[in-house]
Amino acid sequence: MLKRNPCSSVYETVPTQYVFDSGLAQLQAVDRDGWLVALWSPPAVREALAALFLLDRELAGLPLRLRDPMAAELRLVWWRGQLEALDH
């Protein structure tokens, strides 16, 4: 698959395995800029970076998707607890 490097006008071959990884595929569908950043990052951090972009999108969209501010706050508290659990 040919992709243009956003930092140059050169087209480079991007292995399709990186295009179709689960986190990257989801990110490509919802955030093209974030997907490109993740795609051009070092291979060791691509999935983690995609996960961070997807989490950011999820958290930023909560107040917009939920009418009840208390429901949005409860979801944010739940996410906070999940992230804190990862740290321990």
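Which residues make up the largest nonpolar core? Keep that in mind as you load the model, which is a predicted one; the tour reaches the core after a look at the whole chain.

**Stop 1: the whole chain**

Colour the protein chain by secondary structure and you should find five helices and two strands. Following the sequence from its start, the order is β-β-α-α-α-α-α. Now switch on a surface: the accessible area comes to about 6400 Å², and carbon and sulfur atoms account for 60% of it. Of the 88 residues in the chain, 24% are buried. If you like contact maps, here is a figure to go with yours: among contacts between residues at least 6 apart in sequence, 33% join residues at least 24 apart.

**Stop 2: the core**

Select L24, L27, W35, A38, L39, A50 and L54 and show their side chains. These seven residues are the answer to the opening question, the largest nonpolar core. Colour them by helix next: α2 (22-30), α3 and α4 (46-65) each supply at least two of them. Helix α3 gives the largest share, with three residues.

**Stop 3: helix α2**

Look along the axis of α2. Its buried residues are G23, L24 and L27. Why do they sit on the same side of the helix? The arc they cover around the axis is only 95 degrees, so they share one side of α2. Turn to the face pointing away from that buried side, and you will find the exposed residues S22 and A29.

Stay on L27 and list what surrounds it. Setting aside neighbours within four places in sequence, L27 is in contact with R32, G34, W35, A38, A50, F53 and L54.

**Stop 4: helix α3**

Move on to residues 32-39, which form helix α3. Here the buried residues to pick are G34, W35, A38 and L39. They span an arc of only 135 degrees around the axis, and therefore lie on the same side of α3.

**Stop 5: A50 in helix α4**

Select A50, which belongs to helix α4. Is A50 buried or exposed? Its relative accessibility is 0%, so A50 counts as buried. Beyond residues up to four places away in sequence, A50 touches G23, L24, L27 and A38. Try a distance label between A50 and L24: the two are 26 residues apart in sequence, while their C-alpha atoms are 5.8 Å apart in space.

**Stop 6: the loop between α3 and α4**

Now select S41, found in the loop that runs between α3 and α4. S41 is buried, at 10% relative accessible area. A polar atom of the S41 side chain lies 2.6 Å from the backbone oxygen of A38. Leaving out residues up to four places away in sequence, S41 touches R46 and L49.

That brings you to R46, a residue of helix α4. Despite its charged side chain being an easy thing to look for on a surface, R46 is buried, with a relative accessible area of 11%. Add a distance label here too: a polar atom of the R46 side chain is 3.0 Å from the backbone oxygen of L39.

**Stop 7: helix α5**

Travel on to residues 69-87, helix α5, and select L76 within it. L76 is partly exposed, with a relative accessible area of 37%. Which residues is L76 in contact with, once neighbours within four places in sequence are left aside? They are L59 and L62. For another distance label, choose L76 and E58: 18 residues separate them in sequence, and 9.9 Å separates their C-alpha atoms.

**Stop 8: the aromatic pair**

For the last selection, show the rings of W78 and W79. The count of aromatic pairs in this model comes to one. W78 and W79 form that pair, in an edge-to-face arrangement, with 5.2 Å centre to centre and 80 degrees between the planes. Both rings belong to partly exposed residues: W78 has a relative accessible area of 49%, and W79 has one of 24%.

How values were computed: Residues are numbered from 1 along each chain as its sequence is written. This is a predicted model: local features need pLDDT of at least 70, side-chain atom pairs count only at pLDDT 80 or more; totals for chains, interfaces and linings use all residues. Side-chain values use heavy atoms; hydrogens and water are left out. Buried means under 20% relative accessible area, exposed over 50%, partly exposed in between (1.4 Å probe, protein chains only). Helices (H or I, at least four residues) and strands (E, at least two) are DSSP runs, numbered from the N terminus. The arc is that of the directions from the helix axis to the C-beta atoms. Rings of Phe, Tyr and Trp (its six-membered ring) pair if their centres lie within 6.5 Å; planes under 30 degrees apart count as stacked, over 60 as edge-to-face and the rest as tilted. A nonpolar core is a set of buried Ala, Val, Leu, Ile, Met, Phe, Trp, Tyr and Cys residues joined through side-chain atoms within 4.5 Å. Contact means heavy atoms within 4.5 Å. A polar contact is a pair of N or O atoms within 3.5 Å; within protein, one must be able to donate a hydrogen and the other to accept it, and residues adjacent in sequence count only if both atoms are side-chain atoms. Accessible areas come from the Shrake-Rupley method with a 1.4 Å probe; for residues, only the protein chains shown count as cover.
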